[in-house]
Amino acid sequence: MIRFATGVLLLSFLAISVVASCSRDLIGDVLRLPSEASRFFRSGGVSEDNDAVGTRWAVLIAGSNGYWNYRHQADVCHAYQLLRKGGLKDENIIVFMYDDVAYDEENPRPGIIINSPHGEDVYNGVPKDYTGDDVTVDNFFAVVLGNKTAVKGGSGKVVDSGPNDHIFIFYSDHGGPGVLGIADDLLEVLKKKHAAGTYKSLVFYLEACESGSIFEGLLPEGLNIYATTASNAEESSWGTYCPGEYPSPPPEYETCLGDLYSVSWMEDSDVHNLRTESLHQQYQLVKTRTANENSIYGSHVMQYGDVQLSKNNLFLYLGTNPANDNFTFVDENSLRPRTKAVNQRDADLVHFWVKFRKAPEGSPRKIKAQKEFVEAMSHRMHIDDSVKLIGKLLVGIEKAPELLNAVRPAGLPLVDDWDCLKTLVRTFETHCGSLSQYGMKHMRSFANICNAGIRNEKMAEASAQACVNVPRSRWSSLQKGFSA
Ligand SMILES: *[C@@H]1O[C@H](CO)[C@@H](O)[C@H](O)[C@H]1NC(C)=O
Ligand SMILES: *[C@@H]1O[C@H](CO)[C@@H](O)[C@H](O)[C@H]1NC(C)=O
């Protein structure tokens, strides 16, 4: 009897909520096929997350290349597998990765990529939408905007979304203050997408050093965008499952297998019924795991934009794996023990060093690894010294440290004039060689130089004095292109 009453209540509730959320459909389209009707009812009121007619879209980007950056492509491949198990279709998942890792001669398991020490292959089946030179910021923007004509190369797949759709973007790279093809451009793209009315809500997960600087003071509320980042605007994010750390990759791997923030959200999503877990719950969990018990091997996960969206269930963006239906999210069951981790910026050195240490004495492999290690180290010193010297040339010995190291208060963007930042970075790289992944950390110094109102002509003069000759290694900007 009680059960019957509940049933009636539920039915009338259903009827109300269907009318409420779909009234527009009812006016123009009263007659429905039985199949449509059942879809209509199933999704209209029962599911608490209001997933009425929308499609789930995902854009996954690994921004780096090189075997020593194995972890970024591993992160992205893992995300793809997760979304597929969650029920997303290939036609709605767009993948950017250089695709130079799976078959790199350094990969101990050719054609296989793993994202954790005992993890299964995550590479199999990953669509190669944009690989190699087609991994560009312009293509990423065109894909998000759904602009097929603006895409160059690749599969041409874009986010062809409608007003009821949900979009998930996951980006894994090393970054540096304000990078990601420079933050203000990204914000323009997101605003354009919002103005086009082609999504209901958008979630952006971002793994990179100083990733917070991309949204800090920039991402407004009201765009229906919720973003979380691996770190705040002024710190490194961390690689994990690195050689020599615990847990470490299988012995034959001389590289980190994943990144701490990325692995945290994915390993959580892998095992739960995502209808029972909200974005906010995941944020809390990932924040705790990534802080790594507030050790130095951790960073501060941040959230930006329309934070109230985080009450939505992950299901709305990631789907859910039916095999996890009985695994309700519970806070305590989800944390992993603390791990050691490797500063993202040092992951390349770790690779060269482990390679060097393990190679047989006197072998060509050992000599090559030593050369790579020394080259990377001396490039770092060259970049650090050049930036310091330029600071002194610009404002004098005493004021230079403040100019270069100042951090703006929270809520203020990294720089007021983004074009200035881009110009200064290019000027620097023309004279001093590529910043490269490590040198991205100086992006804040360049931003400070802009904020101090120093003109590009002065910067060019100082750079020319500081860097008498352009280094002729593979780190030269002439070979690698500009960083901004
Ligand atoms: C798509 O990109 C092309 C080429 O960049 C541009 O001319 C066009 O205006 C864009 N279309 C839309 C709808 O933004
Ligand atoms: C969940 O539990 C129910 C009841 O024990 C069982 O019938 C069902 O097969 C389980 N589902 C999965 C996916 O394991």
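1. Let's start with two helices: α11 and α16 lie oblique to each other. That label follows because their packing angle is about 130°, and angles that are neither under 35 degrees, nor over 145, nor from 65 to 115 count as oblique. Bear in mind as you look around that this is a predicted model.

2. A bit more on that pair. Packed helices in general are described by the angle between their axes and the distance between the axes. Here the axes of α11 and α16 are 9 Å apart, and the crossing is right-handed. On the α11 side the contact is made by S386, L389, I390, L393 and L394. From α16, the residues taking part are K458, A462, S463, Q465 and A466.

3. Now stay with α16, which spans residues 456-466. Which of its residues are buried? They are M459, A462, S463 and A466. Looking down the axis of α16, you'll find these buried residues within an arc of 100°, so they line one face of the helix. That spacing fits a general rule: an α-helix has 3.6 residues a turn, so residues three or four places apart point the same way.

4. What about the other face of α16? Turned away from the buried side, it carries E457 and Q465, which are exposed. As for what covers the buried residues of α16, the cover includes α11 (364-395), α13 (418-432) and α15 (443-451).

5. Over to the strands. Six of them make an open sheet with mixed pairing, in the order β2-β1-β3-β4-β5-β8. At the edges stand β2 (93-96) and β8 (302-305); each has a single partner strand, so one side of each is left without a neighbour in the sheet. From one strand to the next, the twist averages 10°.

6. Inside that sheet, have a look at β1 (residues 56-62) and β3 (residues 166-175), which pair in the parallel sense over seven bridges. If you want a spot to find the pairing by eye, W57 stands opposite I167 in β3. Helix α3 (residues 70-86) packs on the sheet and touches β1, β2, β3 and β4 (201-209). The direction of α3 makes about 165° with that of β1.

7. There's also an open sheet of three strands, ordered β7-β6-β9, with antiparallel pairing. Its edge strands, β7 (258-259) and β9 (342-343), each pair on one side only. Strand β6 (residues 238-240) is joined to β9 by two bridges, and G239 stands opposite V342 in β9.

Definitions and conventions:
Residues numbered from 1 in each chain as written. Chains lettered and ligands numbered in written order. Predicted model: local features only at pLDDT ≥ 70, side-chain atom pairs only at ≥ 80, totals over all residues. Buried ≥ 20, exposed ≤ 12 C-beta atoms within 10 Å, placed from the backbone. Helix = DSSP H or I, 4+ residues; strand = E, 2+ residues; numbered from the N terminus. Arc of directions from axis to C-beta. Contact = placed C-beta atoms within 7 Å. Pairing = 2+ DSSP bridges. Axes fitted to C-alpha atoms, helices over the stretch in contact; angles between N-to-C directions. Left-handed = near helix turned anticlockwise from the far one by under 90°.
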